[in-house]
Amino acid sequence: MYKIFLFLIFPIFLSAQTIVVRGSVTDVENGKIAGADVEFYNAKNELIKTLKTDAEGHFSWDGISMDSIKISVKKANYTPFEKTIGSRLDEGVLKIILQKKTQEIEAVVMTKRKPVVTRKVDRLEFNVENSNISSLNAWEILKKTPNVTVNNDVIAVKGGTGILVTINDKKVMLTGEELKNFLESTQGDEIKSVEVITNPPAKYEASGSAILNIVMKKNKIEGYRGNLFSKYIQTQYAKGLLGTSQYYKKDKLSIMASYYRGFGTYYREGTDYVNYQESQTRWVSTMNRKDKNNAQNTVNFNVEYEADSLTTLSLNYSGYFGPKSFGTYVVPTLIYNSQDQVESDYTTINDHWSRKINNSLSFQLDRKLNKKSSLSWISYFTGNNADKYQNVLTHLNFAGEEPRDDNFFTRNKADVKLYSTQADYQWKGEKLEFESGAKYSFVKTTSGQDFSDNENGILQLRPEKSNLFDYKEHNFAVYSSLAYNLGKWNFKGGLRAEMTDLEGIVSEPYEQNKNHYWSLFPTFYAQYTTENKQEFGFSYGKRISRPSYAWLNPAKSYYNLFSYYQGDPKLKATIIHNLNLTYSWKGWNLDLYYRKEIYPSMEISYQEPSTNQLIYYFTNIEKGQAFGASLYKSFQIKPWWTLVLSENLEHNENYFKGIDNQIYKNKVWNWVSDISTSFTLDKNSDWKIEAGHKYYSPGIQGTFTISGAWAAYFVMNRKFFNKKLEASFIFNDIFRSMGQKVSTKYANQDNYFLDYQDTQGFTLSLKFNFGNQSVKNAKTIKKTDEQDRL
């Protein structure tokens, strides 16, 4: 019993032992702060002792008999400091650093300014933090970024497509509509800047013609905050978006979570025209596509933990789940003879649905090794699953034949798994900066198509039209780069080596495609700054654009009896060479560029007279090249009035082999213009309006010639209740002028289609902010012992 009693009271003896607290209080420049109030609180948050620092900024208190206390340090014109300390401080000195209170943070929050464009040696930085466009979402901000154009939801940088989008240098594992949905749900007030990297340094993977890196702001706000968001979109049909974002930060832990659900009806209208010289007929199909999707779920979760002041761990999950998109297309086709009279017709009824799931998980570790060097490691896994089904019924009424019906079913399943791991080392001195690293990635994709048709009322599977495609790719890369600052001159160069090992197997007809190759990707940059801050730059970079996995699948995906899409398992990767000359001065940014593409891959079409089929397929054309100039300038006409000018003029050439094996050249001068003006209607920058005009002159894509288009838009943003409620109104394509004509005409090929993607409409959105929204309440960040050892 006596031993048990001693065991129970032993912790009391431990907690009763006294400790000594000694400390020093300085400012961020190591200046001693005298006369600061030092307060001690017990576990019940009761004040038990008050001291003042001496002339040297020191304080001490002997004889504390508690296991832990809270210490608070206050001084006029400085941000208060708080910390809970334990009994292990009796042998050391507590170093406390106070930061001066300034109105700068509040002024930045209150004062909206125009975005700032900064030219760096290897990229163009578009700083949108606290600017007059920060109330927009990430998708709309990309549209306003210098050198970036978005036409029919396709992102291009200085005319080049195949753009890689990253967030904080992490690749976004989404494409197409999923990428757009994700960016639309990313709030602009969380974005610090957008980096336009035309020639990405060796650190970045070599894939993609350019990189758009969205840099998010660090969460510096202590405590909890969040927002509720809703958006209503009215085009031909209504669509909507509801969601919430939640943030929490406490000491070393920072958590962010968001969920958005989109729903609505999507519409696209078009008309196909195919002229067959051999039969002297013209086929005209009218296709108005209407699809419903009532559950587009986007989830993002990120947790970041500072193990100590040198080590940061972060875990991120992002996902997209669209359980069902469905619709029924009724497509009438009229066939005209040489006298322009209808001699035959058929009607296609396409009943279909699709399902998409995308999951991405990443883990990152960042470690400062010393004052000049750091190490980072990131691994991520992505899984993408898609399932598409269609039931196609065709009523045929051909001249000289009995009317009949044809019915077929297809089901396409695709499963993509991607794993990647990368380690990077960085050393940064006063004039020199060195980077090196390695990356390994593995991709496995399985795609299958089941084709069945209706024979005498019985559904029959057709193995000869069904297909299974398996694809594996290993990629290993190493890189090094060196940057040197000589005052007015800045230089940077790097080399990346990538090994690719791939294998593709097609089941019907059986075909195996293997390839193994090494590629070198050099980069070089030079920048000179004059006495009056004029900046001249030169850069060169070699890139590779690997085909999407869906483009490699040779299975015929039928739209109807007379049209299908097909990929190419032997599709080659495109090699891209970029040359850039840049000039910047007083907000003027001019880029002169040249781009050469070897075996560019793209979707083209051709008509087959013997079967009257129109076939769309991905393939390599012979080569492509372009040269041009981009100009960007933001004019601050008045403190409340801004005018933005963004222009791109390019000469583009594509060389392709026709179905007659002849080489054809498609060329065009292309001009893209974006002019906008914005006004701030109140002194607190809570009410802003903007109007703009975009123009796209005719362009080309392989065999296609694409007509010009233009659009006018209007935006209004208003904040209420001390910025807690934000409302916006956007009217896009005011005059419904974004319809385009895409045509192919050479040899015996003569077809075109008219396409309008339902761009005219208005958007109403509301966002309500709650919780702690003020940066000024953030606690002082103190240097810890780990940083002191650097």
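Two strands count as paired if DSSP finds at least two bridges between them. The structure above is a predicted model, and the exercises below apply this criterion.

**Exercise 1.** Determine how β44 pairs with β41 and with β45, and name one bridge partner in each case.

*Solution.*
1. Start with β41 (residues 704-706): two bridges link this strand to β44, and the sense is antiparallel. The cut-off is at least two bridges, so the two strands pair.
2. Within this pair, Thr705 has Ser743 of β44 as its bridge partner.
3. Go on to β45 (residues 749-756), which is joined to β44 by seven bridges, again in the antiparallel sense.
4. Here Thr744 is bridged to Asn751 in β45.

**Exercise 2.** Describe the connection between β44 and β45.

*Solution.*
1. The two strands form a hairpin, with two residues between them.
2. In the turn, Ala747 has a positive phi of about 45 degrees.

**Exercise 3.** Decide whether strand β44 is largely enclosed or not, and give the reason.

*Solution.*
1. A residue is buried when its relative accessible area is under 20%.
2. In β44 (residues 740-746), five of the seven residues are buried.
3. The strand is therefore largely enclosed by the rest of the structure.

**Exercise 4.** Give the strand order of the open six-stranded sheet that contains β8, and find its edges.

*Solution.*
1. The order is β8-β9-β14-β15-β12-β13, and the pairing is mixed.
2. β8 (116-119) and β13 (170-171) are the edge strands, each pairing on one side only.
3. For β8, the neighbour is β9 (residues 124-127), joined by four bridges and running antiparallel.
4. Val116 lies opposite Asn127 of β9.

Key. Residues are numbered from 1 along each chain as its sequence is written. This is a predicted model: local features need pLDDT of at least 70, side-chain atom pairs count only at pLDDT 80 or more; totals for chains, interfaces and linings use all residues. Side-chain values use heavy atoms; hydrogens and water are left out. Buried means under 20% relative accessible area, exposed over 50%, partly exposed in between (1.4 Å probe, protein chains only).
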